[in-house]
Amino acid sequence: MISETYTYAEINAKLRARISRVLTEDFFIHLSQSRSLTEMLNSFRNTDYSEIVEIYERTGDLSMVELHLFMLESSLFSDATLRLPGIVLPLARAYAAGYEIENLKNALYLFFDHQIRKRQIDNAVHYLMRKTICCPIPFDAIIASSTYEEVAGHLAGTPYADVVNQYLPEAQSTYSLFPVSSALDRYYYAQLITAARSLEKRDRTIALRLIGIEIDLQNISWIIRFRVFYSMPFERISNYIIPDGYAVKFTSLQEIYHAKPMMANLQTVLRKTYPGIAMLLTAEIDQEQAGPALLEQLLDRIILHEVDRILSGYPFTIGILLAYFILKRHEIRRIRTVLNAGNYSINPERTAKYI
Amino acid sequence: MFTEPMLRFFAIVMERDGEKVSETLLGTGTVQFISIDALDTKAIDLYHDNAASLTTTSTRLAELRKRIENFLDSAAIVPRIPSTTDPAKIGSCDIPKENRFIDSLAASLQEIREKQRLLQNEILRYEEIKHHIDRYGSDNYSTTIDRNYSYISLKQGMLPSDAEPLLKTQIHTIPLVPVLLGEKDGYRHMLLVFMKRDSSRIESVLSTLGWQDRETGSAYATSNNDTIAAIDEKLDTLRGQQREFQHAGQAVITDRKDILLDTWVRIRVNELLLNVRSAFNRSDRTILFSGWLPSAQRRLIYDSLQKVTAGRCHIEWFAPGAISDLLEEPVKVPVKLNNPKFLAPFQMLVTNFGIPEYGTIDPTPFLVITYLTMFGLMFADIGHGLMVALAGIAGGMLLKDKPTYRKLSALLVWCGGASIITGFLFGSFFGYNIIKPLWFDFHGVVTNNAHSSSKIASIFDILGITVRFGITVISCGLLFNWINLIRKREWFELVFEKGGFLGGWMYWGGIYCGWYMVGHGYNELPSPGTLVVLVVVPAVCLFFKGPIHIIKHHSRFTITSVIQMVMEWVVELLEIFSGYLSNTLSFMRVAGLGIAHVSLMASFFTMAAMMKGDNPSTLQSIGAVLLIIAGNALVIGLEGLSAGIQALRLNYYEFFTKFFLGTGKLFNPVSLRDNII
């Protein structure tokens, strides 16, 4: 007990102060009602995100703003000012690696679009994050590669080489990078689980629960997308399911896939597995046509419900750290969504629905 | 000393005077309007509340105002209503028209941003070329790096001299870096650097301009530096253009600053007028409204309304008590604190804790004394106080437009002043004892070098001073509580509350006993008779609190209620004894921090002396001086902050809690000076 307090007392105080500065619901509602992108961005002037106003005024380029937000998000886990307790560093590194994997996936997609699909990638190339997070990766060389073999060659010596090498042939034969992308996601979650298992008992339980919930939500999201948008058979989807979920078992995923209507069954499964969030499951997902954004929103609510649970519980655990990361990640993603909505002049009511 | 006396009024004016009345009321800025729905009389039914119908307009005005503030904020302009504004001369606000104006402003800015975006794209492409040259090189002879991974192309050849301007105009949208290698026979030998993806477009342009390829390794050579210099030149130009666009964006706002500010004032005044009118209840011919105002403003409101309505106005005035009698329930009267402007920093500290109840003591003037005394005792040094005061003056000048920071800066000046005064009392200047102390030598006492004739000769004497100070502060708190309870006519609480007569009796009885013991070498208590009078009698009297409460509320005595009464009595006695003891001893932290302040400085002086040694070199002397400067800076930063926080804590928890409920609601009149930003 004393050692837990000693480990987490400082970080707990620091993070609770930071959590108090997370942008409020009212701020986002006001933001979504802005009548132009300029006004929307100006609203960030007196917040922790004032830098994005400066970037936009200097460049006029929303993609530069988005790149900055991605860099902010990716640095959450390696923020030196937090002075994370040593015990949580492996897990923080595993989380940070998620952004490196995301970046690698972006580079692979650029290679694929450029060399395989012969598409123009001029604009996208500039907005790839070049910062090293865990290990140096030659992103430019990967993008400029002309063959899959060259890509594999450039990744030699990185932790991702084996995963990519294993699934590149399948990507080549299916003319899709999804097998590689999905394998990298599974690798990421496997690393997270390994890091979480090395924690002390109380921290381990909390971390495994949160990671498990994220895995559950990721699996559900995939199942729905693949069936609704790509009509992919379950047997094929099952290859991509991430193991170590918290409450949604393989059979439940199977049930969701085969159910008609699918969304109603999803509600049943979620109610059964996460009884605490039953009230969050409003009528909006009853409709089979519920878009992916709405689904994402619902899944987000589930994870935020977990964060609330952690914040109101025993304070001296890794929970406060994970809650902070999730809240900040959620906040940054909301900002991205609302800015894009502003850029495409989507009406405020619709924007408000998706943030 | 007390909150300002308030009055509630009911006024009835003719419907046709409605606009002028609202403008006048806003102009005076002294009325907090309230709904008259509570008065359930048939006459009121004739009037309809028009707040709902005005809400939509009010919301649209507020949205428009926020849009303008958003733009003004981007140019660091803070809008204010000028003090000379006359609401009657402002005129109405055409919301759609103003929105169209703001839309056009946003569109102009968006247009500039779009140009910036295209320019930024070009900058990024050149940066990308530069990045690749840095990485893979463009030196045609020496490079041995495999360029397969790069996606820039290099092309060397000759272009007719007169075709170069054409090259620039025809491919100005494509990032291309031409590096001049030499000139001969009307041809320019050049190295062109561009992205592989632009090859086909560049090739086709070059073929129309008479370009002739040359093998790499021909008579001319270049190096990475030449190429990078060419790119840097191009990038400088583009970034310069980007800055111009950025300035143009700012100019869109600053050039229209006056229009924006005028529009903002018009919107804000209209918004406030709507706010006033939303409090009006209208019948076909008359308007009825009601509100609170400070008693002192009664004549102003009366004269203004009579004047503007040419006497067609009837007003009735009610004191808060009369309203309570009328409604047959206590009425929540808004609270106006009436302190001079220079006490604003302390009023901020009070309102941060809570708003005093109407009619009770406003602790602001007392806080000035207690807070500054505590701060001064904990941070007694002329030099340190001077630094804090200077920081406050600088903060006040730099943060003029931010009221909260301005008040905090003013507080720093006050605290600095207090430290200077106590610095003179204890003779301390940046930790040096170079001034003769007016009271006693604090440094000497802490470092055991005090003059033997000094009355304050040990740390215990210093602790004793702060305990006495604590007793005085707590006693004031109890006294204020009694005054408040008497004013509120809460006689039962006055006698039996923890901070009432019995609590005070026991507290001072306990203090006397403690003093007696200390005065008798800690081994003698006052006589039993004295003890009974000072402690036992009030404790026994306190037991009657429960029974009197039961009788007062016509409840019945049961076994459970009797057991409960005894338990509550015991707990309350324990609370009184332990609470007051800890409250009093808590003030020893004032001495503690003062001692820490001196000890820290003494430590730095010792360290500096050790650094210097007996025969110091110049370097050692400089080091010692630097150490003392750093030590002073550390003490000012750390101790200053600690002293400020501890003084606040003692006031909030040991002083305010004795008499201050903080459940009042601040008087908030609709006024042109209404600060919404």
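Helix α7(B) gives the most residues to the lining of the largest cavity, four of them, in what is a predicted model. That cavity holds about 80 Å³ of space. Let's walk around its wall: chain A supplies T38(A), N42(A) and E57(A), while chain B brings S74(B), A75(B), L109(B), R113(B), Q246(B), G249(B), Q250(B) and I253(B). Besides α7 of chain B, the elements giving two or more residues here are α3 (37–42) of chain A and α4 of chain B. By character, the lining splits into six polar, three nonpolar and two charged residues.

Now step out to the contact between the two chains. Chain A and chain B each put 31 residues into it, and together they bury about 2,700 Å², with 47% of that area on carbon and sulfur atoms. Two salt bridges link the chains. In one of them, R67(B) pairs with E39(A), their closest N and O atoms lying 2.6 Å apart. There are also 12 residue pairs in polar contact across the interface, counting those with both residues at pLDDT 80 or more. On the chain B side, α3 (51–74), α4 (95–136) and α7 (224–254) each give two or more residues, and α4(B) gives the most, with 18. This side of chain B has 12 polar, 11 charged and eight nonpolar residues.

Back to the empty spaces: the model has five cavities of 30 Å³ or more. The second largest has a volume of about 60 Å³, and its lining includes F426(B), W439(B), F440(B) and F442(B). Helix α16 (459–488) of chain B gives two or more residues to this lining, as does α22 (588–612); α16(B) gives the most, with three. What is the character of this lining? Nine of its residues are nonpolar, one is polar and none is charged.

Terms used
Residues numbered from 1 in each chain as written. Chains lettered and ligands numbered in written order. Predicted model: local features only at pLDDT ≥ 70, side-chain atom pairs only at ≥ 80, totals over all residues. Heavy atoms only, no water. Contact = heavy atoms within 4.5 Å. Buried area = accessible area lost by both parts, 1.4 Å probe. Salt bridge = Lys/Arg side-chain N within 4 Å of Asp/Glu carboxyl O. Polar contact = N/O pair within 3.5 Å; in protein donor to acceptor, adjacent residues only side chain to side chain. Helix = DSSP H or I, 4+ residues; strand = E, 2+ residues; numbered from the N terminus. Nonpolar A, V, L, I, M, F, W, Y, C, P; charged D, E, K, R; others polar. 1 Å grid on protein atoms, 1.4 Å probe; cavity = no way out; pocket = protein on both sides within 12 Å on 5 of 7 lines; lining within 4 Å. Points joined across faces, edges and corners; volume = space filled by probe spheres on them.
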